[in-house]
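Reader: I'm new to this one. Can you walk me through it?
Author: Sure. Here it is.

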Amino acid sequence: QALHHALRRPMQREGGSSVSEGKRPSLVRAPVLLKQCFGLDYRSMALYRIVVSALLIVDLWNRSYYIHDHYSSLAIWPLASSVADNNYSFSFHYISGSYGFQAFLMLVAAACAFCTLIGWHWRMFAVANWLMLCSIQTRNMYLLDGGDDFIRMFTFWSMFVPLAERCSIDSLPSKNNKRGTITNANNGGNHNMKGADGSSYHVSFGTLGVWTQFALIYLFTAYLKWAPEWTTDYTATQYALGLDHFLTRFGQFMQGHPLVLKFLTWIVLWFEKAAPIMLIMPVWNGPMRVLSVLGIWAMHIGFGSCLNLGMFVVTPGVCSLIFLPAWFWEVIVPFVRTHAPLPRAYRTPASAGPVTIYTRGDRTWMVATTFSMFFLWSRYQIVDADARTQEPKTDKAGVYSPSPAIRRGSVDGVTLDVRGAEEGVPLSSDHDFGVEYQGKRSSGCLGVLSLFEASCLWFLCPLLRLRVVCTGATRVANFLRRMEAQYNVFASWVYPSTPRKFRNWKVTELIALFFTVFVVYWNFCTFYRSPINPKVFWIGPTFKVDQWWGMFAPHPPKEGGWFVIHGINAAGEQVNVFREGDPVTLEKPDLFSATIPSHRWRTYLLGLPNQRLADNRVHYGRYLCREWNFWGRHPGDQQLKSFKIIYMREETRLDDVKVEAVPMVLWEHTCF
């Protein structure tokens with residue numbers, strides 16, 4: 001009944017103002033079931049924003065190892081060929097093929113992802129994230145797999161939902177209002193991971209688009225698997241483990257357990273159909289959503305344990321975090337905090353009581369507020385050590401009303417703004433910062449240590465106890481105190497001076513509704529193999545919302561293989577171009593996937609035997625000649641003269657019949 005009442009009433013922000021004052025009528029007027037089924041929790045959206053942004057940074061880090069091989073003018077797919085093959089899409093990577101420019105674009109993309117991670121001007125950088133991701137994917141589409149399509153689509157839909165209402169720089173209290181009463185109506189949202197009331201859902205056409213995209217991915221990939229290997233024989237997983245490009249050691253082990261693989265085939269097909277429905281169940285919506293998210297993680301981790309799938313192992317699970325319900329934050333998280341087997345000294349705030357942070361001066365207040373925003377996930381209050389207190393009052397409904405002396409904080413689950421304090425707080429003139437935690441007051445390095453013990457960074461406490469770390473931190477603090485003017489300039493640039501809200505939400509809602517209808521239309525056309533209307537076809541590749549989710553469908557691959565590149569150098573000697581230093585042999589390696597340096601390379605090489613991608617072979621041949629003969633790697637008679645790209649095609653058999661691999665000469669190349 002309490003949850004029902006919370007969902008029916010308008011969402012109350014801290015300070016007593018409702019969401020309707022913040023111009024969010026879609027949330028206030030949404031029916032209860034609509035909010036429960038299609039709404040997204042603000043805390044879950046914040047978690048999703050942080051983890052997806054981190055995933056984008058990790059992906060860029062992995063790509064940076066192969067800038068020369070995959071994205072420069074001398075890459076495996078030349079810049080001119082990429083421009084010619086993309087009639088609708090544009091890429092910033094087309095501007096220049098130099099190594100330095102490509103590296104610069106990756107740094108820009110990483111900076112945009114980091115700004116989105118911390119929630120600084122997040123709407124602008126959410127658009128920048130999508131543009132940079134589309135740009136790098138357009139540059140070399142032969143390196144992409146289903147995981148790249150997955151994260152590209154969710155990055156697209158991230159522009160239409162409020163991801164920075166919690167745990168972000170944009171939701172910090174306005175520094176212009178710091179000296180007066182601070183309410184969420186002024187600063188743009190709750191700073192804490194816990195909402196102001198039980199209803200912390202946001203409902204809009206953007207959230208509908210997020211769920212629709214998730215449903216399209218899993219429903220279509222399930223219903224496209226109509227072949228007997230999926231529906232009656234349940235041998236699809238056995239055939240999938242025949243892909244030597246991706247097979248892992250554990251996958252080799254699982255090949256000897258066909259009954260287990262048949263069960264996994266059945267459960268995967270069933271769960272792909274059930275997962276989207278579980279997210280919108282009107283009954284037991286909270287537990288069903290959590291179960292769906294856990295199932296997505298378990299399914300893809302299972303895929304990754306048997307096949308080297310790169311970022312695809314974690315991408316769907318990370319994107320599914322956006323669907324975590326309020327029940328997860330209000331029931332599961334407090335239970336884990338209270339019962340987690342942590343050392344007594346590192347208990348979480350839920351079990352250790354509230355934290356009081358004493359500050360003196362604007363600089364310390366900004367740092368304390370920012371740290372509390374991201375790392376203190378429970379009750380705390382930030383107090384001005386030089387001010388007098390006024391006790392917060394409650395109205396007849398039991399809601400706290402901030403007094404004129406209030407700044408910011410959270411007491412008994414209700415978010416407050418606290419800047420008053422009792423007279424005589426022990427904070428010497430030598431310190432601008434102090435902490436009261438577990439009944440003890442401390443300042444300086446001990447205060448920082450207490451603050452870390454109360455935060456989610458408690459595991460760093462042993463490091464902070466080192467004398468060298470404490471001494472270094474003290475010197476940094478003294479340096480910042482001397483650089484007060486410069487610090488204030490930086491803080492005024494980063495810290496929000498005015499409420500940062502996205503305006504013209506009606507326009508974004510209409511755009512989100514349009515693209516929701518469009519992606520449904522696109523997927524149904526591809527499912528039934530019907531042509532897409534030429535008048536609207538350009539929208540898909542231009543905005544990179546074109547998609548196809550037929551992974552291992554309708555039939556799983558029934559053959560595998562490995563590469564042998566037999567070369568002749570200038571001295572007439574045979575050389576192994578694919579595995580330099582090893583003898584030339586047609587024998588199958590013990591684990592072929594381990595001979596390929598990265599997942600991007602595995603995806604690229606998997607397409608070479610495909611006759612539709614035969615044009616890639618000449619570019620790959622030229623790349624091999626350059627890499628062998630240039631850069632002074634093989635001088636004189638060691639220069640590569642010619643080579644053959646041989647693919648050893650091996651049929652995947654489920655019986656004990658031994659089948660010999662068939663050599664296929666894909667390409668013969670002469671370097672000079």
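Author: One term before we start: accessible areas come from the Shrake-Rupley method with a 1.4 Å probe. Also, this is a predicted model.
Reader: OK. How much area does the chain expose?
Author: About 30,900 Å². Carbon and sulfur atoms supply 62% of that.
Reader: And what percentage of the residues is buried?
Author: Buried residues make up 53% of the 672 in the chain.
Reader: How many helices and strands?
Author: The chain has 29 helices and 14 strands.
Reader: Let's pick a pair. At what angle do α4 and α9 cross?
Author: Roughly 135 degrees. Helix α4 covers residues 42–64, and helix α9 covers 146–157. Their axes come within 12 Å.
Reader: So what do you call that arrangement of α4 and α9?
Author: Oblique. Over 145 degrees would count as roughly antiparallel, and 65 to 115 as roughly perpendicular.
Reader: Is the crossing left-handed or right-handed?
Author: The crossing of α4 and α9 is left-handed.
Reader: Which residues meet there?
Author: From α4, Tyr48, Leu55, Leu56 and Arg63. They meet Asp148, Ile151, Phe154 and Thr155 in α9. By class, the contact has five nonpolar, one polar and two charged residues.
Reader: New topic. Is helix α28 mostly covered or mostly open?
Author: Mostly covered. Helix α28 runs over residues 599–607, and eight of its nine residues are buried. Among them are Trp601, Tyr604 and Leu605. Arg600 and Arg602 are buried too.
Reader: What covers the buried residues of α28?
Author: The cover includes α4 and α9, the pair we just discussed. It also includes α5, strand β11 and α29.

Key:
Residues are numbered from 1 along each chain as its sequence is written. This is a predicted model: local features need pLDDT of at least 70, side-chain atom pairs count only at pLDDT 80 or more; totals for chains, interfaces and linings use all residues. Side-chain values use heavy atoms; hydrogens and water are left out. Axes are lines fitted to C-alpha atoms, for helices over the stretch in contact, and angles run from 0 to 180 degrees between N-to-C directions. Helices (H or I, at least four residues) and strands (E, at least two) are DSSP runs, numbered from the N terminus. Angles under 35 degrees count as roughly parallel, over 145 as roughly antiparallel, 65 to 115 as roughly perpendicular and the rest as oblique. A crossing is left-handed if the near helix is turned anticlockwise from the far one by less than a right angle, and right-handed if clockwise. Contact means heavy atoms within 4.5 Å. Ala, Val, Leu, Ile, Met, Phe, Trp, Tyr, Cys and Pro count as nonpolar, Asp, Glu, Lys and Arg as charged, and the others, Gly among them, as polar. Buried means under 20% relative accessible area, exposed over 50%, partly exposed in between (1.4 Å probe, protein chains only).
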